[in-house]
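Work through these exercises with the sequence and the structure side by side. Try each task before you read its solution.

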Amino acid sequence: IDKPSMVQLKIRHPNLTGLQPPSASAPVPPPPHFLDTLEVDFNGQPILKASLTFAITTDPAFRFFFLPVEEGVINIKGTDSKKNNFSHSHEITL
């Protein structure tokens with residue numbers, strides 16, 4: 001019996017909440033800048049879709065289980081609150 005494998009996505013992003021208290025060195029807190037969408041598909045079929053908020057940590061990691069029944073490509077794409085886009089693809093072999 002085939003068992004699902006755990007997939008872990010590690011994303012480098014500052015994920016600033018915009019709620020940092022002012023200080024002497026930074027009298028005005030930085031504006032929010034966080035991941036707001038994340039989508040993962042395998043061969044065009046959706047696996048994961050998330051709407052995110054500033055509550056996600058700096059450099060977040062997401063884990064999920066996945067059982068491919070054929071070889072193909074897993075695609076990851078997302079956006080942040082400043083409308084920046086990112087994407088990555090990874091080939092899956094059996």
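**Exercise 1: Strand partners of β5**

In this predicted model, Glu39 sits opposite Lys77 of β5. Find which strand pairs with β5 over seven bridges, and in which sense. Then find the strand that pairs with β5 over eight bridges.

Solution.
- Step 1. Start from the pair Glu39 and Lys77, where Lys77 belongs to β5.
- Step 2. Place the strands. β2 covers residues 35-42 and β5 covers residues 72-80.
- Step 3. Give the sense. β2 and β5 run antiparallel and are joined by seven bridges.
- Step 4. Check another pair. Leu35 has Asp80 in β5 as its bridge partner.
- Step 5. Turn to the other partner. β6, residues 85-92, pairs with β5 over eight bridges, again in the antiparallel sense.
- Step 6. Confirm with residues. Gly78 is bridged to Phe86 in β6, and Val73 faces Glu91 in β6.

**Exercise 2: The surroundings of β2**

Name the strand that pairs with β2 over six bridges. Then decide: is β2 largely enclosed by the rest of the structure, or largely open?

Solution.
- Step 1. The strand is β3, residues 45-51, and its pairing with β2 is antiparallel over six bridges.
- Step 2. Take one pair as a check. Val40 has Leu48 in β3 as its bridge partner.
- Step 3. Look at the link. The hairpin of β2 and β3 has two residues between the strands, and Asn43 there has a positive phi near 50°.
- Step 4. Count burial. A residue is buried when its relative accessible area is under 20%. In β2, six of the eight residues are buried, so the strand is largely enclosed by the rest of the structure.

**Exercise 3: Two loop residues with positive phi**

Compare Asn15 with Lys83. Which loop holds each of them? Is each one buried or exposed?

Solution.
- Step 1. Locate Asn15. It lies in the loop between β1 (5-10) and β2.
- Step 2. Read its backbone angle. Asn15 is not a glycine, yet its phi is positive, near 45°.
- Step 3. Judge its cover. The relative accessible area of Asn15 is 5%, so Asn15 is buried.
- Step 4. Locate Lys83. The loop between β5 and β6 holds Lys83. In this hairpin, four residues stand between the strands.
- Step 5. Read its angle. Lys83 also is no glycine, and its phi is positive at about 65°.
- Step 6. Judge its cover. Exposed means over 50%. Lys83 has a relative accessibility of 66%, so Lys83 is exposed.

**Exercise 4: A glycine in β5**

Find where Gly72 lies. List the residues in contact with Gly72, leaving aside neighbours within four places in sequence.

Solution.
- Step 1. Gly72 is part of strand β5.
- Step 2. With a relative accessible area of 12%, Gly72 is buried.
- Step 3. The contacts of Gly72 are Phe42, Asn43, His90, Glu91 and Ile92.
- Step 4. Now measure a separation in the model. Gly72 and Lys10 stand 62 residues apart in sequence, and their C-alpha atoms are 21 Å apart in space.

**Exercise 5: The whole chain**

How many helices and strands does the chain have? Why is the chain said to be more spread out than a compact globule?

Solution.
- Step 1. Count the elements. There are zero helices and six strands. Along the sequence the pattern reads β-β-β-β-β-β.
- Step 2. Compare radii. The radius of gyration is 17 Å, well over the 12 Å that the globule rule gives for 94 residues, so the chain is more spread out than a compact globule.
- Step 3. Look at the box. The C-alpha atoms fill roughly 60 × 25 × 20 Å along the principal axes.
- Step 4. Add burial. Of the 94 residues, 29% are buried.
- Step 5. Add the surface. The chain exposes about 6,800 Å², and carbon and sulfur atoms supply 57% of this area.
- Step 6. Finish with charge. There are 8 positive and 9 negative side chains, and the centres of the two sets lie 9 Å apart.

Terms used. Residues numbered from 1 in each chain as written. Predicted model: local features only at pLDDT ≥ 70, side-chain atom pairs only at ≥ 80, totals over all residues. Heavy atoms only, no water. Rg over C-alpha atoms; globule rule 2.2 N^0.38 Å. Buried < 20%, exposed > 50% of the residue type's maximum accessible area, 1.4 Å probe, protein only. Areas by Shrake-Rupley, 256 points an atom, 1.4 Å probe, with all protein chains shown as cover. Lys, Arg positive; Asp, Glu negative; His and termini not counted. Charge placed at Lys NZ, Arg CZ, Asp CG, Glu CD. Pairing = 2+ DSSP bridges. Contact = heavy atoms within 4.5 Å.
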